[in-house]
Amino acid sequence: MLSAVTDVMVLGDVPSLTGLGALFVEPSGGEAPLASRVCAEITRLAPTPPLVIVAAGALAPLVPSIALAQRAARRQVLAYVLVDPEYPSVSEGWPDARVHVLGSAGFDLRIAELRGWETHPVTDLRDLIREIASA
């Protein structure tokens with residue numbers, strides 16, 4: 001487990017976090033938009049804030065909506081970690097915490113760097129999560 005005061009919520013396929021105390025969010029099917037189903041699953045899991053939200057690939061664009069829902073639920077987010085992401089749009093209200101972007105070999109990190117986000121290779125994911133949680 002990481003810490004008594006930090007839960008890691010994982011959206012998408014990030015197998016390197018198994019065994020690290022992460023909660024893998026798997027939204028149930030239904031008619032509601034995917035972001036709403038993810039938020040419902042986060043609420044069901046009742047994580048301990050502050051949260052670290054990890055999103056992989058095509059799920060990364062959902063993060064701003066998920067962040068808004070977490071603020072509405074008064075759950076503090078410590079950091080966002082995007083793994084080989086489709087980049088989410090930036091708005092006045094998001095990001096509201098540090099953003100780390102991890103890229104596999106050949107993944108273009110220039111957009112993240114231009115946004116001022118921290119970049120890392122995917123191989124650093126477990127260490128990065130531990131560092132964020134202990135900060």
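These questions and answers cover the sheet of a predicted model and what packs around strand 1.

Tutor: Local features in this predicted model need pLDDT of at least 70, side-chain atom pairs count only at pLDDT 80 or more, and totals for chains, interfaces and linings use all residues. Residues are numbered from 1 along each chain as its sequence is written, and side-chain values use heavy atoms, with hydrogens and water left out.

Student: In what order do the six strands form the open sheet?

Tutor: Strands are DSSP runs (E, at least two residues), as helices are (H or I, at least four), numbered from the N terminus. Two strands pair if DSSP finds at least two bridges between them. The pairing here is parallel, and the order is 2-1-3-4-5-6.

Student: Which are the edge strands?

Tutor: An edge strand here pairs on one side only. That describes strand 2 (23-25) and strand 6 (118-121).

Student: Which residue in strand 2 stands opposite Val-10?

Tutor: Three bridges join strand 1 (residues 7-11) to strand 2, in parallel. Opposite Val-10 stands Phe-24.

Student: What is the bridge partner of Val-8 in strand 3?

Tutor: Strand 1 and strand 3 pair in the parallel sense, over five bridges. The partner of Val-8 is Val-52.

Student: How many residues of strand 1 are buried?

Tutor: Buried means under 20% relative accessible area, exposed over 50%, partly exposed in between (1.4 Å probe, protein chains only). Asp-7, Met-9 and Leu-11 are buried on one side, Val-8 and Val-10 on the other. Strand 1 is therefore largely enclosed by the rest of the structure, and the count is five of the five.
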